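Got your viewer open? Load the model, pick a colouring you like, and follow along one selection at a time.

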Amino acid sequence: MAEQQTDFPNEKKINLKITTPRGLKFVEKADMLIMRCVDGDLGVLPGHMPVSAVLGDGILHIFNDGVEKQLAVFGGIAQIESRDVDIFTTIAQHPEEIDLERARADREKAEAAMQEEAEVLQIQNTQALLRRSLVRIEVSSHLEEADYYDDGGSEDENN
């Protein structure tokens, strides 16, 4: 029997390149990638169909020979070909490049700001509920005082 030819070379790896405004940041071969896109996670294996994807803020998981590496990636685009993935992003950070104390302080600051915004939103919702209840009370009070308008055409309705 004739041998079947495949489009895949013997080495079934993905060639990953990450470029930031400062230049080429990361080059590595990988068995699989999982990246955060704006509409969910995208997994890439060798032989992936060509596609472009808009990246969100998240973790880029790089699997190679049973080892997982993670990079923090904040936005950008990914150009995916059969065996090549080119990521263009503003920020890509290795774990050792992350200032953990600063990240924790930023988280605390953001959570406090969200709590303040939640309190403001709760006050606004309470004010809207108060306005609605006052309108209902006013309209309901008017029912007791209202004189109904009689257009004179209601006599025939009872016959």
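Start with the hairpin in the middle of the chain: select strand 5, residues 51–64, together with strand 6, residues 67–80. The two pair in the antiparallel sense, with 13 bridges between them. To see one rung of that ladder, pick alanine 53 and look across to alanine 78, its bridge partner in strand 6. Now go to the turn. Two residues sit between the strands, and aspartate 65 takes a positive phi near 50° there.

Before going further, zoom out. This is a predicted model, so colour by pLDDT. The protein chain averages 84, and 82% of the residues score at least 70. Where is confidence highest, and where is it lowest? Strand 7 (residues 84–88) is at the top with 98, while helix 1 (residues 100–145) has the lowest mean, 81. Then select residues 1–10: pLDDT stays under 50 along this stretch, and the model gives it three contacts beyond four places in sequence.

Switch to cartoon for the overall layout. You should find one helix and eight strands, running along the sequence as β-β-β-β-β-β-β-β-α. Of the 159 residues in the protein chain, 20% are buried. Turn on a surface and you are looking at about 12,600 Å² of accessible area, 52% of it from carbon and sulfur atoms. As for how the chain folds back on itself, take the contacts between residues at least 6 apart in sequence: 47% of these join residues at least 24 apart.

Back to strand 5, this time with its other partner. Add strand 3, residues 32–37, to the selection: strands 3 and 5 pair in the antiparallel sense over four bridges. Show isoleucine 34 as sticks, and you'll see histidine 61 of strand 5 standing opposite.

Next, keep those two strands on screen and look for empty space. How many cavities of 30 Å³ or more does a search of the whole structure find? There is one, with a volume of about 40 Å³. Select Met35, Arg36, Leu55, Gly56, Gly58, Ile59, Leu60, Val73 and Ile87 to display its lining. Strand 3 and strand 5 each supply at least two of these residues, and strand 5 gives the largest share, with five.

From the cavity, hop over to aspartate 41, which lies in strand 4 (residues 40–44). Is this residue buried or exposed? Aspartate 41 counts as exposed because its relative accessibility is 52%, and the cut-off for exposed is over 50%. Leaving aside residues up to four places away in sequence, aspartate 41 touches Ile34, Met35 and Arg36. Two of those names should ring a bell: Met35 and Arg36 are among the cavity-lining residues. Try a distance label too: from aspartate 41 to glycine 56 is 9.3 Å, C-alpha to C-alpha, with their positions 15 residues apart in sequence.

Last stop, the largest pocket, which holds about 260 Å³ of space. Select Ala72, Phe74, Ile91, Gln93, Glu97, Ile98, Asp99, Arg102, Ala103 and Asp106 to bring up the lining. Which elements each supply at least two of these residues? They are strand 6, strand 8 (91–93) and helix 1. Helix 1 contributes the largest share, three residues. Strand 6 is where you came in, as one half of the hairpin with strand 5.

Note on methods
Residues numbered from 1 in each chain as written. Predicted model: local features only at pLDDT ≥ 70, side-chain atom pairs only at ≥ 80, totals over all residues. Heavy atoms only, no water. Pairing = 2+ DSSP bridges. pLDDT = per-residue confidence, 0-100. Contact = heavy atoms within 4.5 Å. Buried < 20%, exposed > 50% of the residue type's maximum accessible area, 1.4 Å probe, protein only. Areas by Shrake-Rupley, 256 points an atom, 1.4 Å probe, with all protein chains shown as cover. 1 Å grid on protein atoms, 1.4 Å probe; cavity = no way out; pocket = protein on both sides within 12 Å on 5 of 7 lines; lining within 4 Å. Points joined across faces, edges and corners; volume = space filled by probe spheres on them.
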